[in-house]
Amino acid sequence: MTPDSIEMQIERAVRADVARLDTGLDEALRRCEDSGEAIFLFGSDSATVHALRGRIRSSWPRLRLVGVCDADFLGQAGPAMLAHIGACAPDVVIADVAPKRHRALIAEFASHGLHTGLINLPGTFARYVATHPGLAVAGEGATPAVGKLPPLIGRLLNDLAGVMRFSGIIARQLLHSAAPRHAAQAYQTAQRDG
C-alpha cells in the first residue's frame, strides 16, 4: 500500500474513530480493580448492563462487581432501587445515564444517605459491549463464544445498529404524522355516512 492509498486513508479514519470511542470505562475498571474497590453498574437497558456484567467478569476477574441495575425507566430511581444499591455496599457506582439524569441521581443518592463515588460515563455501556468481544451472556451464566468478531466488525455492527435505530425513529415519525390524517378522514366519512 502506498502512503496515500485509499486503504491507508480508511485505516487512519478507523483509528481516529477508535480513539474517539475510548470511553474511560477501562480506566475506571482498572483503577477500581487495582484499589480493590467494589463497584456497582447502573444505567443503560437491561440486556446491555447484563451483557456488560458478563464481559467484565470475564475480562476483569479480580474486580469486585457487587451488583448491576438498568436505568430503563422514567423518573426517579426510587427508594427500593436506592436501598438495593445501598445493600450491595459499593465503593463506586459507575453510571451510564444522561447528564441531566445524573444530576438528579446525585441528589437522590444524597437524600437516601448513599455516600459512594458516583462516576457517570454516558453512552459507554453499549459501546463497551459492542467493541469488546468476549463471552456471550446466557442468563446468569456465561458460555464461551464460538468465535470472536474482530473489534472493527463489532464497531461497524454497532454503527449499523445506530443507523437502524435512527431509521426506525424516522419511520415511526412518518407513520405517526400520516396516521392522524387517515383516522380523521375515516372519522369524518363515518360522520357523513351516518
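## A buried acid

At 12% relative accessibility, Glu33 counts as buried, because the cut-off for that class is under 20%. This comes from a predicted model.

Glu33 has a charged partner. The residue forms a salt bridge with Arg62, with the closest N and O atoms 3.6 Å apart. The two sit in distant parts of the chain, 29 residues apart. Glu33 belongs to helix H2, while Arg62 lies in the loop between helix H3 (46–59) and strand E2 (64–69). Unlike buried Glu33, Arg62 is exposed, at 57% relative accessible area.

## Pairs within helix H2

Side chains of opposite charge can pair when their charged atoms come close. Which residue does Arg30 meet in a salt bridge? The partner is Glu27, at 2.5 Å from N to O. Both residues lie in helix H2 (residues 25–35). They are three residues apart, about one turn of the helix. Arg30 is partly exposed, with a relative accessible area of 34%. Glu27 is also partly exposed, at 32%.

Glu27 forms a salt bridge with Arg31 too. Here the closest N and O atoms are 2.7 Å apart. Arg31 and Glu27 are four residues apart in helix H2, so about one helical turn separates them. Arg31 is exposed, with a relative accessible area of 55%.

## The network

The model has five salt bridges. A network of salt bridges links Glu27, Arg30, Arg31, Glu33, Asp34 and Arg62. Buried Glu33 and exposed Arg62 are both part of this network.

How values were computed:
Residues numbered from 1 in each chain as written. Predicted model: local features only at pLDDT ≥ 70, side-chain atom pairs only at ≥ 80, totals over all residues. Heavy atoms only, no water. Salt bridge = Lys/Arg side-chain N within 4 Å of Asp/Glu carboxyl O. Buried < 20%, exposed > 50% of the residue type's maximum accessible area, 1.4 Å probe, protein only.
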